[in-house]
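Reader: I am new to this structure. Could you show it and take some questions?

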Amino acid sequence: MKMGRFGYAFQGYDPAKHVRVSVREVDVSHKHAREVAVSVKGLSLDSARDYLQAVINKQRAVPFARYNKQVGHKADPGVMAGRYPQKTAAVFIKAIEGLESNADYKGMDMDRLKIINATVHKGVLVKRFTPRAMGRASPKNNVRTHIELVATEV
């Protein structure tokens, strides 16, 4: 069986100083993933993991800048509209663990790694139907999500 090849969105990748990870076709909201990606960009791996764990525990909110229609305000400092996307935060923690594993394989210093790029793309559209009354059906579509993280030593 031949697997399909994919490319990364990050331009200017240097294998000597960058480390990257990609998570493909995960079943999370691409809108939530976009907001989490904006939140973790620029953080070190330890602080990003701590932040995402606090999101899962509903102690810190993820600010929603673009997709914030009818999103309530949070008491978290610096967050106007925000939510606690727990499922997406768990997937990002797994991606950060993969990033650490790749960096360990390359012999990089874990304490100096910083996320410089976090990219989210829409994946395939899974089309289904849900039955309705009188023999009708309504579409039930689900969009998968691609997540890419790139880190470098600072």
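Reader: Which residues does Leu52 touch, not counting residues up to four places away in sequence?

Author: First, a word on the model. It is predicted, so local features need pLDDT of at least 70 and side-chain atom pairs count only at pLDDT 80 or more, while totals for chains, interfaces and linings use all residues. Residues are numbered from 1 along each chain as its sequence is written, and side-chain values use heavy atoms, with hydrogens and water left out. With contact taken as heavy atoms within 4.5 Å, Leu52 touches Val36, Val40, Ala89, Phe92, Ile93 and Ile96.

Reader: Which residues have the most contacts inside the largest nonpolar core?

Author: A nonpolar core is a set of buried Ala, Val, Leu, Ile, Met, Phe, Trp, Tyr and Cys residues joined through side-chain atoms within 4.5 Å. Buried means under 20% relative accessible area, exposed over 50%, and partly exposed in between (1.4 Å probe, protein chains only). The largest such core here has 31 residues. Those with the most contacts inside it are Val40, Leu52, Phe92, Leu99 and Leu149.

Reader: Which element gives the largest share of this core?

Author: Helices (H or I, at least four residues) and strands (E, at least two) are DSSP runs, numbered from the N terminus. Two or more core residues come from each of strand S1 (18–26), helix H1 (30–40), H2, H3, strand S4 (113–131) and strand S5 (137–153). The largest share is eight residues, and it comes from H3.

Reader: Is Thr88 buried or exposed?

Author: Thr88 lies in helix H3. It touches Val28, Ser29, His32, Ala33 and Val36, leaving aside residues up to four places away in sequence. Its relative accessibility is 3%, so Thr88 counts as buried.

Reader: And is Lys94 buried or exposed?

Author: Lys94 also lies in helix H3. Its C-alpha atom is separated by 9.5 Å from that of Arg49, 45 residues apart along the chain. With a relative accessible area of 61%, Lys94 is exposed.

Reader: How many salt bridges does a search of the whole structure find?

Author: Side chains of opposite charge can pair when their charged atoms come close. A salt bridge is a side-chain nitrogen of Lys or Arg within 4 Å of a carboxyl oxygen of Asp or Glu. Searching the whole structure gives a count of six.

Reader: Which residues are linked with Arg49 in a network of salt bridges?

Author: Arg49 meets Asp46 in a salt bridge (3.4 Å, N to O). These two both lie in helix H2 (residues 45–56), three residues apart, about one turn of the helix. Arg49 also forms a salt bridge with Glu100, with the closest N and O atoms 2.3 Å apart. The residues linked with Arg49 in the network are Asp46 and Glu100.

Reader: How many residues apart in sequence are the parts that Glu100 and Arg49 tie together?

Author: The salt bridge between Glu100 and Arg49 has its closest N and O atoms 2.3 Å apart. Glu100 lies in helix H3 (residues 86–106) and Arg49 in helix H2, so the pair ties together parts at a sequence separation of 51 residues.

Reader: Which residue meets Asp76 in a salt bridge?

Author: Asp76 is buried, with a relative accessible area of 13%. Its partner is partly exposed, at 37%. The side chains meet at 3.4 Å, N to O, and the partner is Arg60.

Reader: Which rings does Arg20 lie over?

Author: A charge sits over a ring if NZ of Lys or CZ of Arg is within 6 Å of the ring centre and within 35 degrees of the ring normal. Arg20 lies over the face of one ring at 3.8 Å from the centre, that of Tyr8. The charged end of Arg20 also sits 3.9 Å from the centre of another ring, that of Tyr13.

Reader: How many bridges join S4 to S5?

Author: Two strands pair if DSSP finds at least two bridges between them. S4 and S5 run antiparallel. Arg128 stands opposite Lys140 in S5. The number of bridges joining S4 to S5 is 16.

Reader: Which residue in the loop between S2 and S3 has a positive phi although it is not a glycine?

Author: Most residues other than glycine have a negative phi. The residue in this loop has a positive phi of about 60°. At 82% relative accessibility it counts as exposed. It is Gln70.
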